[in-house]
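This report introduces a protein chain to a reader who has not met it before. It begins with some of the strand pairings, turns to two residues in loops, and ends with the chain as a whole.

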Amino acid sequence: MDHFNYRHDELYAEEVPVADIIAQYGTPCYVYSRATIERHWRLIDEVCGKWPHRICYAVKANDNLAILDLLARLGSGFDIVSQGELERLLYIGVDPKRIVFSGVAKSESEINRALSVQIGCFNVESEAELMQIQQCAHKQNKVAPIALRINPNVDAKTHPYIATGLRDSKFGIEAAFAEKLYLQAKLLSHIEIKGIDCHIGSQLTSLEPFKQALNFVLDFVDKMKGLGIFFKHIDMGGGLGVPYHREDSLPTPADYTASLLELLKGRPLELILEPGRLIMANAGILLSRVEYIKSSSVKQFAIIDAGMNDLLRPALYQASHEIIEVKKRQGAAAQYEVVGPVCESSDRFGEYSLGIQSGDYLAIRTAGAYGASMASRYNARRRACEVMVEGGTMHLIRERETWEDLFSHEHRINPS
Ligand code: LLP
């Protein structure tokens, strides 16, 4: 459930007519609903019930400071994959103990920074990385908290670009290697084993792969116990999918956590979850103007002012987002191929039945996760502004870039 609904054929974001946001800030523009974000976070927290757990929001889904701040105030932890994400969190005063650091390529300087602020846990992806962390911790005279990310060789049955749990993936460590590596880690002077980590992919639409992965990890946990290695937490990553279209039927967060907790029963392990999409996707829409309607002998195009630089998902993963009119017109809808302005044929959102004329506005739904955070300036397009709605109030949480922003970090050589 979200807070983007029609009232008398006019789309509202919470209590604000979307048309008012457009009048004030123009398009393309991302709009988020505070109530929806909070509802999603609280729901995941609630369905974990009394089981010791920590929700570490995956910052990559949407890293706007206002959103991170909102989640921090709810008590969220965070999952990061770069120093940039860490700096964002430190900037708003998040306690580094609430942060887990994932990602296959943490550099020496990133590890040093994370250690110096006493990060909660490194999710380690290779032997080489473990040794790098040990070395950095030794130099800083600190003890680095770690978990190894296990690759359970499970098919997440999602788009191959966002599947991470199969053996041929660059992510995670195979169990046989991980077993040796934990034994090695136990002997390292500046490493403390905290837990075990696993993330098999994103936009999963069934629970089976999660259960398979958790069963695999739990067998591994039992085996390690026999070898004298004990874990405080088990981090099952993120990945539960969201409905991109109203008719999609997916497991609910309650089904998801119930199935995990059922398997965890009887084991004193804190559960860490790293949801990104689940919290943000349906909490955001992307507003866009229909610039032109163009007909060919085979189809009609609706050419809009948001493109693949603003929302890359359709071009990159053939993803389909529901698109709706900001103001519904009376009369028949027609079939359009909705396309963006970028000079690439992949800059298309798909086929939609819409009642529109040029100059009308559209809302691309479920755009709150991996929308703004994946935006680029391709075709020298400015990154869109972002607005957070809170009841009847709108807050500008990111300004639209200026033309100068486009080239402010560039230098000509020998300018005349
Ligand atoms: N934890 C780790 C280690 C991850 O790699 C990810 C996502 C998450 C958590 C959060 O997963 P979520 O709950 O959001 O599914 N750009 C793609 C998604 C890439 C996901 C990358 N990793 C998309 O737009 O579909």
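In this predicted model, strand β14, which covers residues 284-295, is joined by four bridges to strand β19, residues 361-364, and the two run antiparallel. Within that pairing, L286 stands opposite I364 of β19. Strand β19 is also joined to strand β16, residues 323-325, through three bridges, and this pair too is antiparallel. Here I323 is the residue that stands opposite I364 in β19, so that I364 faces L286 of the one strand and I323 of the other.

A second group of strands lies close to the start of the numbering, where three strands form an open sheet in the order β1-β2-β3, with antiparallel pairing. Because β1 (4-7) and β3 (16-17) each have a single partner strand, they stand at the edges of this sheet, and one side of each is left without a neighbour in it. Strand β2, residues 10-13, is joined to β3 by two bridges, and these strands run antiparallel; the bridge partner of Y12 in β3 is P17. In general, the strands of a sheet pair through hydrogen bonds of the backbone, in either a parallel or an antiparallel way.

A further pair is made by strand β20, residues 385-390, and strand β21, residues 393-398, which run antiparallel and are joined by five bridges. In this pair, E386 has R398 of β21 as its bridge partner. The two strands form a hairpin with two residues between them, and in this hairpin G391 takes a positive phi near 60 degrees.

The antiparallel pairs described above are set out below with their bridges.

| Strand pair | Bridges |
|---|---|
| β14 and β19 | four bridges |
| β16 and β19 | three bridges |
| β2 and β3 | two bridges |
| β20 and β21 | five bridges |

Two loop residues can be considered together. S76 lies in the loop between α3 (65-74) and β6 (77-80), while R98 is found in the loop between α4 (83-91) and β7 (99-101). Is each of them buried or exposed, or something in between? S76 has a relative accessibility of 0% and therefore counts as buried, whereas R98, at 25% relative accessibility, counts as partly exposed.

When neighbours within four places in sequence are left aside, S76 is in contact with W41, I55, Y57, L71 and R98. With the neighbours of R98 left aside in the same way, R98 is in contact with C56, A72, G75, S76, G77 and F78, and so each of the two residues appears in the contact list of the other. One of these contacts of R98, A72, is 26 residues away along the chain, yet the C-alpha atoms of R98 and A72 are separated by 9.4 Å.

Taken as a whole, the chain has 12 helices and 21 strands. Its radius of gyration is 23 Å, close to the 22 Å that the globule rule gives for 416 residues, so the chain is as compact as a globular protein of that length. The C-alpha trace spans about 70 × 60 × 40 Å along its principal axes, and buried residues make up 54% of the 416 residues. Among contacts between residues at least 6 apart in sequence, 70% join residues that are at least 24 apart. The accessible surface comes to about 18500 Å², of which carbon and sulfur atoms account for 51%, and the mean positions of the 46 positive and 53 negative charges lie 3 Å apart.

How values were computed. Residues numbered from 1 in each chain as written. Predicted model: local features only at pLDDT ≥ 70, side-chain atom pairs only at ≥ 80, totals over all residues. Heavy atoms only, no water. Rg over C-alpha atoms; globule rule 2.2 N^0.38 Å. Buried < 20%, exposed > 50% of the residue type's maximum accessible area, 1.4 Å probe, protein only. Contact = heavy atoms within 4.5 Å. Areas by Shrake-Rupley, 256 points an atom, 1.4 Å probe, with all protein chains shown as cover. Lys, Arg positive; Asp, Glu negative; His and termini not counted. Charge placed at Lys NZ, Arg CZ, Asp CG, Glu CD. Pairing = 2+ DSSP bridges.
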